[in-house]
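Here are my notes on this model, as numbered points. Please read them with the structure open.

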Amino acid sequence: MTARSLAIAVIILVVASLSLGGYVWHVHRTVVSAVSVSEAQPVAAPVSGPPEQVSLYVAYDSTGTLLPETASIPLPQDRQQRARELLRALITKYLEKNSGHTLAPGSDVRDVYMVEPGLAVVDLNSELANGHRSGILVEELTLASLSQTLTINVSGITHIKFLVEGKERETLAGHVDLMADYDVSEINQMANALQTPQ
């Protein structure tokens, strides 16, 4: 093999190595992007159960109101799972493009725990809390909406406690207190007051 042939072979090997390296880097970047997108959007398990007519209490920022809307959603028989799916249906409505009360992308209810007697503990995810807009009215609308939807559709709840990622948090987004348990009768009064424009 001549020196010239050897130089050409080395150049071909270097070009092939660089091309392969570039291809591996491209594949790695594509996989990392796909994983990031899938992690940003929570995937809920499919809900089994017949569709039921429920009342979702939907907030509207422009008028500062909370209005009942009928929806048909599949609900499981288990009380705790029903509560979680009701709130997820409501949050899904807020994540729609033309929502009157927007929540941050990826917002979700991690779970709802029914603690006897009559206490429901709602565990919100960090996307909902950390991405929530700050302001007394918008924060009140979110909590009243979640609370009223839950208590109207699931019987026996007398108090509601909110957590974020399984932990207590002082406020939702700087204003509305999350440390206290909310009495259902007080929530009903707030929801009734919010049914007329502010």
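**Notes on the model**

1. N153 touches V54, S55 and L86, leaving out residues up to four places away in sequence. Contact here means heavy atoms within 4.5 Å. N153 lies in helix 4. Its C-alpha atom is 6.6 Å from that of V54, although the two are 99 residues apart in sequence. There is also a link to T149: the backbone oxygen of T149 lies 2.7 Å from a polar atom of the N153 side chain. A polar contact is a pair of N or O atoms within 3.5 Å; within protein, one must be able to donate a hydrogen and the other to accept it, and residues adjacent in sequence count only if both atoms are side-chain atoms.

2. Some ground rules. This is a predicted model, in which local features need pLDDT of at least 70 and side-chain atom pairs count only at pLDDT 80 or more, while totals for chains, interfaces and linings use all residues. Residues are numbered from 1 along each chain as its sequence is written, and side-chain values use heavy atoms, with hydrogens and water left out.

3. The overall layout. The chain has five helices and six strands. These are DSSP runs, numbered from the N terminus: helices are H or I with at least four residues, strands are E with at least two. Along the sequence the pattern reads α-β-β-α-β-β-α-α-β-β-α. Of the contacts with a separation of 6 or more, 62% join residues 24 or more positions apart.

4. Burial and surface. The chain has 198 residues, and 37% of them are buried. Buried means under 20% relative accessible area, exposed over 50%, and partly exposed in between (1.4 Å probe, protein chains only). About 11200 Å² of the chain is exposed, with carbon and sulfur atoms supplying 59% of it. Areas come from the Shrake-Rupley method with a 1.4 Å probe.

5. Which residues of helix 5 are buried? In this helix (residues 184–193), they are V184, I187 and A191. They sit on the same side of helix 5, because they cover an arc of only 55 degrees around the axis. The arc is that of the directions from the helix axis to the C-beta atoms. E186 and Q189, on the other side, are exposed. The buried residues pack against strand 2 (65–74), helix 4 (136–153), strand 5 (159–164) and strand 6 (182–183).

6. R79 belongs to helix 2 (residues 79–94). R79 is partly exposed, at a relative accessible area of 30%. Beyond its neighbours within four places in sequence, R79 contacts M114, E116, V154, S155, G156 and I157. The C-alpha atoms of R79 and V112 are 9.5 Å apart, with their positions 33 residues apart along the chain.
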